[in-house]
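Here are a few short exercises to help you find your way around a new structure. Take a look at the picture, try each task, and then follow the solution step by step.

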Amino acid sequence: MSFEPPDLPDLVEPPPSFGLALRRDLPRGVRSGLATFWSLARAMVPAYGLALLLEKLGVIAVIARVAQPIMSLVGLPGSAAVPLILGYVLNIYAAVGAMTALHLSASQITVLALAILIGHNLLVEGAVLRKAGMSGVGFGVLRALSGLLAAGVANLVMKALS
């Protein structure tokens, strides 16, 4: 006894021709790409400019001296505190913009990016957590410290592997 599937109506339309798909999807893709570019540029360009301005005014040098003892624990120069703070307070894109103004090695960028990815956007996310009934400050401190701890571990692993 064999089972024969019943004849089903063809519910799937054939794909449009390449030319039709291109005319339909290309403008949509360009608009979406430009919107994404503009969204990223609005955060990264001002942060990059701010980091350059702070560097020219000597502010980064002061921040670097103050932050050097803490940042050296995770294998970063003191100047890396600027993108770290921007990432923790604002967002990842502002941190990336500031990071590009500094002269960091690939391993330092990796370590810094890990810390920022774990502890980014603490003000906004802390407010959301508070609305959800959690301690926004407590969770923010936990995320910031976890980011630094993960960065320190990543730095040790990369040193061991090099």
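**Exercise 1.** Decide whether Val-128 is buried or exposed.

*Solution.* Start with the relative accessible area of Val-128, which is 53%. A residue counts as exposed when this value is over 50%. Val-128 is therefore exposed.

**Exercise 2.** Find the helix that holds Val-128, and work out which surface patch includes this residue.

*Solution.* Val-128 sits in helix α6. On the surface, Val-128 joins Ile-85, Val-89, Leu-90, Leu-123 and Val-124 in a nonpolar patch of about 540 Å². Two elements, α3 (81-89) and α6, each supply two or more residues to the nonpolar patch. The biggest contributor is α6, with three residues.

**Exercise 3.** Check whether the span of helix α1 (residues 18-57) agrees or disagrees with its number of residues.

*Solution.* Helix α1 has 40 residues, and at 1.5 Å a residue the expected span is 58 Å. The rule multiplies 1.5 Å by one less than the number of residues. The end C-alpha atoms of α1 are 55 Å apart, so the two values agree. Next, look along the helix: α1 has a kink of about 35°, centred on Ala-41. Ala-41 is also one of the buried residues of α1, together with Ala-21, Ala-43, Ala-47, Ala-51 and Leu-54.

**Exercise 4.** Which helix has the lowest mean pLDDT, and which the highest?

*Solution.* Remember first that this is a predicted model. The protein chain has a mean pLDDT of 87, with 95% of its residues at 70 or more. Among its elements, helix α6 (residues 122-131) has the lowest mean, 84, while helix α5 (residues 106-119) has the highest, 95.

Key: Residues are numbered from 1 along each chain as its sequence is written. This is a predicted model: local features need pLDDT of at least 70, side-chain atom pairs count only at pLDDT 80 or more; totals for chains, interfaces and linings use all residues. Side-chain values use heavy atoms; hydrogens and water are left out. pLDDT is the predictor's confidence in each residue, from 0 to 100. Helices (H or I, at least four residues) and strands (E, at least two) are DSSP runs, numbered from the N terminus. Patches are made of residues with over 30% relative accessible area and no salt bridge: like charges are joined within 9 Å, nonpolar side chains (Val, Leu, Ile, Met, Phe, Trp, Tyr) within 5 Å. Accessible areas come from the Shrake-Rupley method with a 1.4 Å probe; for residues, only the protein chains shown count as cover. A salt bridge is a side-chain nitrogen of Lys or Arg within 4 Å of a carboxyl oxygen of Asp or Glu. Buried means under 20% relative accessible area, exposed over 50%, partly exposed in between (1.4 Å probe, protein chains only). The bend at a residue is the angle between axes fitted to the seven residues ending there and the seven starting there.
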